[in-house]
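Work through the exercises below with the sequence and the structure at hand. Try each task before you read its solution.

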Amino acid sequence: MKIQLDKIGGLYTFIPTSDHEIKVLSDLRKILKAGDRVAYAGRETDDVIDGRTYMALHFYAGAIKTTKTIIYQKATVTWPDYVGGVQLILRGSEVEDKNLVCRIRDACYFGSAGIIFHSTMEIDNVTALRFTLMHCKHCGGNMTETLECEWGVCDVCANKCEHKFTRGFMHSEGIEIINDVIYCETCGRVRPK
Ligand SMILES: [Zn+2]
Ligand SMILES: [Zn+2]
């Protein structure tokens, strides 16, 4: 998938690059209307390029969420499962697309838990689908960034926030390092130094 990010509009555009992806996006288009959520359902390993491991993301639209029980190393594990609907496996074509896949994963994992269908767009004779990740809880605007989705507050509203700073711990974007910082407990933005 070719992936484009429009940060100002708060939209990701998914442009299919194979017959299979064209079919999946066409199936999605049949069941989605603007504002419908497509659930994030985990990731798998994609390519390893220059020592960096990229990921592909699983999404389900119109599916019923259930659980399945599997035996894993003698333990019985209950796992989320999806029945019916359309499965989208989001795999970036080029390195820049794969980097955007990682950003989408972080925003889904730390905040949005899925993507929201926005519109279709014709690009080079194929039908691309556009998604936002989450709507701001104050203004309803589209959001694409992890910090926005984690706190449910878009950058525009964060700029207008009457910050209430507190000291605490936050993870850095996309990685597991926890920092001791002073941040606003309303919008999650860190106090400028
Ligand atoms: Zn907002
Ligand atoms: Zn604030």
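**Exercise 1. Find out how well strand β6 is covered, and describe its pairing.**

Step 1. Locate the strand in this predicted model. β6 takes in residues 75–83.

Step 2. Count its buried residues. Among the nine residues of β6 the count is zero, so the strand is hardly covered.

Step 3. Look for its partner. β5, residues 64–72, runs antiparallel to β6, and nine bridges join the two. One pair to check is Tyr72, whose bridge partner in β6 is Ala75.

Step 4. Inspect the turn. β5 and β6 make a hairpin with two residues between them. Gln73, in that turn, has a positive phi of about 45°.

**Exercise 2. Trace the open sheet from edge to edge.**

Step 1. Write down the strand order. Seven strands line up as β1-β2-β9-β8-β3-β4-β7, with antiparallel pairing.

Step 2. Mark the edges. β1 (2–6) and β7 (86–90) are the edge strands, each pairing on one side only.

Step 3. Gauge the turn between strands. On average, neighbouring strands are turned by 30° against each other, direction ignored.

Step 4. Zoom in on β3, residues 37–49. With β8 (residues 114–123) β3 pairs over three antiparallel bridges. There, Arg37 stands opposite Ile116 in β8. With β4, the antiparallel pairing of β3 covers seven bridges. Glu44 has Ala56 in β4 as its bridge partner.

Step 5. Check the link from β3 to β4. Their hairpin has two residues between the strands, and Asp50 takes a positive phi near 50°.

**Exercise 3. Place helices α1 and α2 against the sheet.**

Step 1. Start with α1, residues 19–31. This helix packs on the sheet and touches β2 (11–15), β4 (52–61), β7, β8 and β9 (126–132). The direction of α1 makes about 60° with that of β9.

Step 2. Turn to α2, residues 95–112. α2 lies across β1, β2, β3, β4, β7 and β8. Its angle to β4 is about 55°.

**Exercise 4. Decide which side of α1 is buried and which is exposed.**

Step 1. Check the length. α1 has 13 residues and reaches 19 Å from its first C-alpha to its last, close to the 18 Å expected.

Step 2. List the buried residues. Glu21, Val24, Leu25 and Leu28 are buried in α1. They cover an arc of only 95° around the axis, which puts them on the same side of the helix.

Step 3. Recall the geometry of helices. An α-helix has 3.6 residues a turn, so residues three or four places apart point the same way.

Step 4. Find what the buried residues meet. They pack against β2, β4, β7 and β9.

Step 5. Look at the other side. Asp19, Lys23 and Lys30 are exposed there.

**Exercise 5. Sort Val153, Ala113 and Asn125 by burial.**

Step 1. Take Val153, in the loop between α3 (146–151) and α4 (155–160). Val153 has 24 C-beta neighbours inside 10 Å, so this residue counts as buried. The cut-off is 20 or more.

Step 2. Ask what surrounds Val153. Not counting residues up to four places away in sequence, Val153 touches Cys136, Lys137, His138, Glu148, Ala158, Cys187 and Gly188. Lys137 is 16 residues away in sequence, and its C-alpha lies 6.1 Å from that of Val153.

Step 3. Take Ala113, in the loop between α2 and β8. With 15 other C-beta atoms within 10 Å, Ala113 is partly exposed. Its phi is positive, near 60°, although the residue is not a glycine.

Step 4. Take Asn125, in the loop between β8 and β9. Asn125 has 5 C-beta neighbours inside 10 Å and so counts as exposed. Phi of Asn125 is also positive, near 65°, in a residue other than glycine.

**Exercise 6. Describe the whole chain in numbers.**

Step 1. Count the elements. The protein chain has four helices and 13 strands.

Step 2. Judge the compactness. The radius of gyration is 18 Å, close to the 16 Å that the globule rule gives for 193 residues, so the chain is as compact as a globular protein of that length.

Step 3. Add the extents. Along its principal axes the C-alpha trace spans about 50 × 50 × 40 Å.

Step 4. Add burial and contacts. Buried residues make up 30% of the 193 residues. Of the contacts with a separation of 6 or more, 49% link residues 24 or more positions apart.

How values were computed: Residues numbered from 1 in each chain as written. Chains lettered and ligands numbered in written order. Predicted model: local features only at pLDDT ≥ 70, side-chain atom pairs only at ≥ 80, totals over all residues. Pairing = 2+ DSSP bridges. Axes fitted to C-alpha atoms, helices over the stretch in contact; angles between N-to-C directions. Contact = placed C-beta atoms within 7 Å. Rg over C-alpha atoms; globule rule 2.2 N^0.38 Å. Buried ≥ 20, exposed ≤ 12 C-beta atoms within 10 Å, placed from the backbone. Expected span 1.5 Å × (residues − 1). Arc of directions from axis to C-beta.
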